[in-house]
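Dear colleague,

I am passing on to you the structure below, together with an account of what was found in it. Please keep it open beside this message as you read.

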Amino acid sequence: MDFADGVLPRWFRDWRQIEEEKPWDYEPLMRYKEMLEENGLRLVAIEDNPPLDGIRLGIRELREEELDNVARLIENMGKLGIRIWIYSWMAGIGWSRTRTHIPDRAGMYVTGFNIKDIENSPPPAILKRVGKITHEDLWKNLKDFLDYIVPIAEQANVRLAMHPDDPPIPEYRGVPRIMNSVEAFERLISLNRSEYNGITFCMGNFTLMTDDIPGAVRKLKDRIYFVHFRDVRGDRYNFVETLIGEGKTDLVNAAKAFLEINHEWYLRVDHTPTLENDIEYTPGYSYLGRIYTIGYIKGLFNAVSREVEEGSK
Ligand SMILES: [Mn+2]
């Protein structure tokens, strides 16, 4: 059986009901899981979240309800046997690119980010509700969140997997960011020593934090439960997302390091360029680019795992 990583099933709402179902409620999640399973896919992870900004930014009027919703999501995932929850600590603004159609070689186009493009961009509206927020505030809110949610995750047997800030810059339009270095991920682990407090190793972002991807994987490997396998060219303030095999990462040595992880973990293809004559509904998620990358990843891991096996004989 193949494995699936899902978003929250927002499209299963039932308009006849008096109390609207939320996508993190048991039944929408169950129907989603069944739909995938009947088609040969096992849902192993949810890479999506109920609103979290009240928790991240410490907004009192929002926080309680948001914590409740996350707890419900985790409990329902546990009941349904979905074992990994991917979340992030980006407040106000999620992952983003400032350019979506940069021409690249062979007729493809790529997405990119340049800090200069957003120099004049105002802070997100939610920041008005907070006033001043510092990096240490975000760390404290994260620690409080983990103290609340990790025992629930342990009980439900669902592992948390923090995705890095994307891009991993110290501040985005006036909003501080904290999950943007290898040391920050070590600090995350030290905030709560439970094995349920884990990491999504998004390689495109880690490549913007360090030149030593194998070293970063080895440092964090006990808590890596999910991997996004993609690559970039440039630095954290100005980069494009490349076709796999054409970026700055040494993919063979990265794969070797990932293969040293000896607990259950999953890897998926992430953003890719849009190839010539391909169609794309969301920049970064073209069909041909993703299919090309899946083939590349399968070939790479086949070759590297054979090499590792033969080396250990
Ligand atoms: Mn990612």
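In this predicted model, strand β5, which covers residues 109-114, is largely enclosed by the rest of the structure, because 5 of its 6 residues are buried. On one side β5 pairs with strand β4 (residues 99-103) in the antiparallel sense over 3 bridges, and within that pairing Pro103 stands opposite Tyr109 of β5. Strand β12 (residues 238-242) is also a partner of β5, again antiparallel and over 3 bridges, with Val240 in β12 as the bridge partner of Gly112.

These strands belong to an open sheet of 4 strands, whose order is β4-β5-β12-β11 and whose pairing is antiparallel. Its edge strands are β4 and β11 (231-235), each of which pairs on one side only, and neighbouring strands of this sheet are turned by 30° against each other on average, with direction ignored. The antiparallel strands β11 and β12 are joined by 5 bridges, and there Asp235 has Asn238 in β12 as its bridge partner.

One residue of this sheet may help you to find your way around, namely Phe239, which has its place in strand β12. Is Phe239 buried or exposed? Phe239 counts as buried, because 22 C-beta neighbours lie inside 10 Å, where 20 or more are needed for that class. If its neighbours within four places in sequence are left aside, Phe239 is in contact with Gly112, Phe113, Leu208, Val232, Arg233 and Gly234. As a guide to distances, the C-alpha atom of Phe239 is separated by 34 Å from that of Glu66, and these two residues are 173 residues apart along the chain.

There is also an open sheet of 7 strands, which has parallel pairing and runs in the order β1-β2-β3-β6-β9-β10-β13. At its edges stand β1 (2-6) and β13 (266-269), and since each has a single partner strand, one side of each is left without a neighbour in the sheet. From one strand to the next, the twist averages 25°. At the β13 edge, strand β10 (residues 224-229) pairs with β13 in the parallel sense over 4 bridges, and Phe226 stands opposite Tyr266 in β13.

Turning to the helices, two packed helices are described by the angle between their axes and the distance between the axes. Helix α1 (residues 26-37) packs against helix α3 (residues 60-80) at an angle of about 40°, with the axes 10 Å apart, and that angle makes α1 oblique to α3. The crossing of α1 and α3 is right-handed, and in it Tyr26, Leu29, Met30 and Lys33 of α1 meet Asn76, Met77, Lys79 and Leu80 of α3. Sorted by class, the residues of this contact divide into 5 nonpolar, 1 polar and 2 charged.

Helix α8 (residues 251-258) and helix α9 (residues 287-311) form another such pair, packed at an angle of about 65° with their axes 10 Å apart, and α8 passes α9 in a right-handed crossing. Leu251, Val252, Ala255 and Lys256 of α8 make the contact with Leu300, Phe301, Val304 and Val308 of α9. Here the contact has 7 nonpolar residues, no polar ones and 1 charged.

Some details of the backbone also deserve a look. Most residues other than glycine have a negative phi, and most peptide bonds are trans. Ala106, although not a glycine, has a positive phi of about 55°, and this residue belongs to the hairpin of β4 and β5, which has 5 residues between the strands. Ala106 counts as exposed, because 8 C-beta neighbours lie inside 10 Å. Asn157 is likewise not a glycine and has a positive phi of about 60°; its place is in the loop between α4 (135-156) and β6. With 12 C-beta neighbours inside 10 Å, Asn157 counts as exposed, since that class takes in residues with 12 or fewer.

Which peptide bond is cis? The bond from Asp166 to Pro167 is cis, with omega near 0°, and Pro167 is located in the loop between β6 (159-163) and β7 (171-172).

With kind regards

Technical notes:
Residues numbered from 1 in each chain as written. Predicted model: local features only at pLDDT ≥ 70, side-chain atom pairs only at ≥ 80, totals over all residues. Pairing = 2+ DSSP bridges. Helix = DSSP H or I, 4+ residues; strand = E, 2+ residues; numbered from the N terminus. Axes fitted to C-alpha atoms, helices over the stretch in contact; angles between N-to-C directions. Parallel < 35°, antiparallel > 145°, perpendicular 65-115°, else oblique. Left-handed = near helix turned anticlockwise from the far one by under 90°. Contact = placed C-beta atoms within 7 Å. Nonpolar A, V, L, I, M, F, W, Y, C, P; charged D, E, K, R; others polar.
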